[in-house]
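Thanks for coming. I have a few minutes on one structure, and I will go through its helix contacts and its aromatic rings. Please have a look at it before I start.

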Amino acid sequence: MEAYVIKNLIWDVDGTLFDTYPAIVRSFQQALEGLGHTAGAAEVKDLALVSIQHCARQLAGHYGVDAVALEERFDDIYSAIPKAEQRPYPGVGQVLAEVLARGGVNAIVTHRRRASTEELLGVHELRDLFSDIAAGDEGYPKKPAPDAFHVILARCQMDPAHTATVGDRENDIRAGQAAGLVTCWFHGRQVS
């Protein structure tokens with residue numbers, strides 16, 4: 001009987017590789033405050049876990065503000081937060097290096113924009129540990145659609161039978177399952 005071995009990992013970024021949710025939550029709170037409203041961290045976090053756009057739409061509807069204006073304010077505030085303050089979770093670099101040392105491949109499927117993803121990886125000296133990225137601004141349907149996973153599997157020549165995906169949201173898991181991958185639900189996020 002052949003041993004079942006996971007060799008390759010496809011990672012989500014926000015809340016999985018990096019502890020970015022505190023900065024995301026603060027940015028939405030400050031954007032709302034600029035529009036005259038106050039939202040609790042737990043409320044914002046729950047909405048942001050779906051997506052940034054979902055969070056902006058829901059908060060805008062709840063507080064009676066323009067969703068586009070809220071998202072633009074959020075983008076301005078969030079982009080001003082240094083990437084150095086949005087740290088990888090402890091041990092991420094070691095796990096990524098170990099995957100490579102064992103002959104595997106690390107790749108990313110994220111809703112985050114490519115430039116922002118590249119900057120975050122670069123600041124924390126992790127870019128060279130990834131073979132490929134499928135980013136949110138590249139036209140793929142959003143998770144839970146598996147399309148971006150299929151693209152990464154093909155471009156990196158990963159065997160789905162030996163590939164797992166790691167994510168922190170239900171949509172990450174559903175997308176991985178739809179792509180025929182083993183899935184790992186990571187719960188490392190904390191919002192202060």
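Start with two helices. Ile-52, Gln-53, Ala-56, Arg-57, Leu-59 and Ala-60 in H3 are in contact with Ala-67, Leu-70, Glu-71 and Phe-74 in H4. Sorted by class, the residues of this contact are 7 nonpolar, 1 polar and 2 charged. I should say now that this is a predicted model, so please hear everything that follows with that in mind.

To place these helices on your screen: H3 covers residues 52-63, and H4 covers residues 67-80. Their axes come within 8 Å, and the crossing angle is roughly 130°. How are H3 and H4 set to each other? They are oblique. An angle has to be over 145 degrees to count as roughly antiparallel, and this one is roughly 130°. The crossing of H3 with H4 is right-handed.

Now keep H4 and change the partner to H1. The axes of H1 and H4 also come within 8 Å and cross at roughly 130°. H1 is therefore oblique to H4. This crossing, too, is right-handed. Which residues of H1 and H4 meet? On the H1 side they are Ala-23, Ile-24, Ser-27, Phe-28, Gln-30, Ala-31, Leu-32 and Gly-34. On the H4 side they are Leu-70, Arg-73, Phe-74, Ile-77 and Tyr-78. By class, that contact has 9 nonpolar, 3 polar and 1 charged residues. If you compare the two lists, Leu-70 and Phe-74 of H4 appear in the contact with H3 and again in the contact with H1.

Phe-74 brings me to the rings. A pair of aromatic rings is described by the distance of the centres and the angle of the planes. How many aromatic pairs does the structure hold? There are 3. One of them joins Phe-28 and Phe-74, with 4.1 Å from centre to centre and 15° between the planes, and this pair is stacked. Phe-28 belongs to helix H1, residues 21-34, and Phe-74 to H4, so the pair ties together parts that lie 46 residues apart in sequence.

Are these two rings buried or exposed? Phe-28 is buried, at a relative accessible area of 0%. Phe-74 is buried as well, at 2%. Ring pairs also bring in Tyr-78, and the cluster is Phe-28, Phe-74 and Tyr-78.

Elsewhere, Tyr-89 pairs with Phe-186. Their ring centres are 5.1 Å apart and their planes stand at 70°, so this pair is edge-to-face. The cut-off for that is over 60 degrees. Tyr-89 is in the loop between H4 and helix H5, while Phe-186 is in the segment after strand S5, so this pair ties together parts 97 residues apart in sequence. The burial is mixed here: Tyr-89 is buried at 9% relative accessible area, whereas Phe-186 is partly exposed at 27%.

Last, one residue of helix H5, Val-92. Val-92 counts as buried, with 7% relative accessibility. What does Val-92 touch, leaving aside neighbours within four places in sequence? Its contacts are Leu-17 and Leu-126. Val-92 and Thr-16 are 76 residues apart in sequence, and their C-alpha atoms are 9.2 Å apart in space.

That is all I have.

Technical notes
Residues are numbered from 1 along each chain as its sequence is written. This is a predicted model: local features need pLDDT of at least 70, side-chain atom pairs count only at pLDDT 80 or more; totals for chains, interfaces and linings use all residues. Side-chain values use heavy atoms; hydrogens and water are left out. Axes are lines fitted to C-alpha atoms, for helices over the stretch in contact, and angles run from 0 to 180 degrees between N-to-C directions. Helices (H or I, at least four residues) and strands (E, at least two) are DSSP runs, numbered from the N terminus. Angles under 35 degrees count as roughly parallel, over 145 as roughly antiparallel, 65 to 115 as roughly perpendicular and the rest as oblique. A crossing is left-handed if the near helix is turned anticlockwise from the far one by less than a right angle, and right-handed if clockwise. Contact means heavy atoms within 4.5 Å. Ala, Val, Leu, Ile, Met, Phe, Trp, Tyr, Cys and Pro count as nonpolar, Asp, Glu, Lys and Arg as charged, and the others, Gly among them, as polar. Rings of Phe, Tyr and Trp (its six-membered ring) pair if their centres lie within 6.5 Å; planes under 30 degrees apart count as stacked, over 60 as edge-to-face and the rest as tilted. Buried means under 20% relative accessible area, exposed over 50%, partly exposed in between (1.4 Å probe, protein chains only).
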